Amino acid sequence: MTDGYSKPLGIRFVEYIKRSPVSFRAHQSIVLIVTFLAYACYHANRKTTSVVKSTLDPASSEVGLKFRPWRRAYFLSPHEGRNYSALLGSDSGWAPFNGSDGSELLADLDVAFLSMYAAGMYCSGQLGDRTNLRFFLTVGMIGTGVFTSLFGVGYWANIHNFYYFLVMQMVAGLFQSTGWPSVVAVVGNWFGKSKRGLIMGIWNAHTSVGNIVGSLIASAMLSYGWGWSFVVPGLIIAFMGLVVFLFLPISPESVGADKDDNLNSPKKNGEQVREPLLSSDSENKEQAVGFIEAWKIPGVAPFAFCLFFVKLVAYTFLYWLPYYISHTAIDGEYLSSEAAGDLSTLFDIGGVVGGILAGHISDRLDARAITAASFTYCAIPALYLYRSYGSISLSVNIALMFIAGIFVNGPYALITTAVSADLGTHSSLKGNSRALATVTAIIDGTGSIGAAIGPLLTGYISTVSWGAVFIMLMAAALIAGLLLTRLIVAEVAEKIEESRARRGSASRPPAVEV
């Protein structure tokens with residue numbers, strides 16, 4: 001048992017009120033809820049920039065503001081569009097983003113944020129395996145809130161210096177990198193291998209939920225001034241950081257929870273005993289796995305490079321979809337920035353469905369690479385159809401956007417959760433449980449480099465043609481699938497061997513009793 005004073009204060013308070021210890025199952029529920037909300041807050045803060053882009057750079061006096069009536073709050077006439085922009089304080093945008101190079105400057109902000117995020121991710125994995133994850137996550141969330149809010153403060157301080165916004169984004173990106181390795185490692189400490197893909201697919205909905213909430217908050221706050229679109233999410237994540245500090249138990253050992261009674265107790269006849277995701281044997285003697293050693297774990301490199309291209313596609317949508325929608329005629333009409341931000345949430349709703357489907361299918365097939373590659377290949381026609389036919393009508397746009405979300409975010413969710421957990425507990429580690437945060441950080445950090453490059457290229461390519469942007473995205477999806485070819489061949493060969501073994505055992509005559 002661990003000394004009670006190592007427990008989070010909130011857990012100790014609950015136990016004081018109950019006059020009894022918190023059960024293992026209750027701890028698991030707390031972990032799922034707190035980590036879900038925590039990472040949803042990270043993504044809500046990450047999403048705000050994409051919604052505010054059309055306000056900062058309405059490059060669009062001849063494109064994005066040609067609104068026509070439809071619910072009046074969403075489609076506006078050219079004259080009404082100008083009045084609506086004035087209401088938002090963005091009739092001519094916000095210097096320096098409202099110039100001829102506005103799209104490029106916004107792309108530079110994206111790449112600065114994501115570059116620091118990717119670089120910080122590699123360091124965060126190493127730190128996460130060596131420090132108290134609760135403290136580490138708390139600092140990251142509060143820091144994210146502070147610097148996201150400071151970006152919005154530029155609105156009231158009337159700041160028009162590009163480098164101010166650039167520095168705020170860079171530091172925010174560094175703090176954001178603390179999130180993913182931490183939450184995956186904590187969840188990995190508490191949950192077993194049974195149905196990992198499905199459980200983590202559902203849990204990973206926090207990414208899309210965060211994007212949806214971030215879009216809705218940012219869109220709603222635009223009518224009060226774009227600064228609020230950053231400050232409100234910043235305050236929310238800072239508050240959630242305090243909740244993490246008070247309530248998040250990082251492992252069963254840290255709170256003295258009894259694993260054996262819940263995970264390893266005998267089950268009913270016909271049920272398997274569930275194996276813990278991470279073994280706690282000789283935990284105090286384990287050394288954290290080194291960065292280079294983690295790269296050598298079989299499967300880490302292929303999935304890491306696959307995620308590079310998967311996140312390139314996913315984050316291009318994350319940062320540019322509202323902008324694309326507001327600058328593309330749908331049934332001959334243009335949506336306002338607020339409407340575009342709201343509509344873009346349907347892509348994330350599709351992402352929730354895709355993450356759950358990918359996790360469930362990979363569990364049933366016991367084939368992570370086959371599932372991930374199948375989704376990325378299906379994303380290619382989905383992207384083509386959305387670009388080619390999304391402008392026909394609002395209903396067609398919604399349907400095709402939802403389908404694209406399923407196939408783009410499905411493999412993203414699968415690789416960053418179940419696959420990372422699989423590889424972080426690979427048999428080559430010989431039971432060492434101190435690798436999960438490092439492996440998670442390597443895979444997601446490599447993916448985040450692609451996440452930085454995609455929005456950057458989009459900022460420049462979109463000034464020429466959005467069609468060229470979608471060609472880039474389809475090519476990235478193709479490469480992502482091809483990178484898993486070797487693992488797919490191995491999984492197919494394994495399935496064939498298993499099938500032969502089953503047929504062989506079925507064809508053997510039953511043993512004759514003597």
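Student: Which residues form one aromatic cluster?
Tutor: The structure is a predicted model, in which local features need pLDDT of at least 70 and side-chain atom pairs count only at pLDDT 80 or more, whereas totals for chains, interfaces and linings use all residues. Residues are numbered from 1 along each chain as its sequence is written, and side-chain values use heavy atoms, with hydrogens and water left out. Rings of Phe, Tyr and Trp (its six-membered ring) are paired if their centres lie within 6.5 Å. One aromatic cluster is formed by W94, F97, F151, Y155, W156, F162, Y163, Y164, F165, W226, W228 and F230.

Student: How many aromatic pairs does this rule count?
Tutor: A pair of aromatic rings is described by the distance of the centres and the angle of the planes. Planes under 30 degrees apart count as stacked, those over 60 as edge-to-face, and the rest as tilted. By this rule, the number of aromatic pairs comes to 35.

Student: What kind of pair do the rings of F97 and F162 make?
Tutor: The centres of the rings of F97 and F162 are 6.2 Å apart. Because their planes stand at 70°, the pair is edge-to-face.

Student: How many residues separate F97 and F162 along the chain?
Tutor: Helices (H or I, at least four residues) and strands (E, at least two) are DSSP runs, numbered from the N terminus. F97 belongs to the loop between helix 3 (78-87) and helix 4 (102-128), whereas F162 is in helix 6 (residues 162-176). The pair therefore links distant parts of the chain, and the separation in residues is 65.

Student: Are F97 and F162 buried or exposed?
Tutor: A residue is buried with under 20% relative accessible area, exposed with over 50%, and partly exposed in between, using a 1.4 Å probe and protein chains only. By these cut-offs, both F97 and F162 are buried.

Student: What kind of pair do W156 and W228 make?
Tutor: The ring centres of W156 and W228 are 4.9 Å apart, and their planes are at 75°. W156 is in helix 5 and W228 in helix 10, 72 residues apart, and the pair links distant parts of the chain. With that angle between its planes, the pair of W156 and W228 is edge-to-face.

Student: Why does W228 count as partly exposed?
Tutor: Its ring partner W156 counts as partly exposed because its relative accessibility is 42%. W228 also counts as partly exposed, because its relative accessibility is 35%.

Student: Which residues does W228 touch, not counting residues up to four places away in sequence?
Tutor: Contact means heavy atoms within 4.5 Å. Leaving out residues up to four places away in sequence, W228 touches W156, M221 and P233.

Student: Which helix gives the most to the nonpolar patch?
Tutor: Patches are made of residues with over 30% relative accessible area and no salt bridge (a side-chain nitrogen of Lys or Arg within 4 Å of a carboxyl oxygen of Asp or Glu); like charges are joined within 9 Å, and nonpolar side chains (Val, Leu, Ile, Met, Phe, Trp, Tyr) within 5 Å. Accessible areas come from the Shrake-Rupley method with a 1.4 Å probe, and for residues only the protein chains shown count as cover. The patch of about 700 Å² is made by I142, V146, L150, V153, W156, Y224, W228 and L242, with at least two residues each from helix 5 (133-156) and helix 10 (228-247). With five residues, the helix that gives the most to the patch is helix 5.

Student: Which helix gives the most to the largest nonpolar core?
Tutor: A nonpolar core is a set of buried Ala, Val, Leu, Ile, Met, Phe, Trp, Tyr and Cys residues joined through side-chain atoms within 4.5 Å. The largest one has 88 residues, and those with the most contacts inside it are F97, W226 and I325. With 20 residues, the helix giving the most to this core is helix 14 (residues 300-326).

Student: How many residues does the second, separate core have?
Tutor: This second core includes L133, V184, A185 and V186. Its number of residues is 32.

Student: What is the omega of the peptide bond from A95 to P96?
Tutor: Most residues other than glycine have a negative phi, and most peptide bonds are trans. P96 has its place in the loop between helix 3 and helix 4. The peptide bond from A95 to P96 is cis, and its omega is near 10°.
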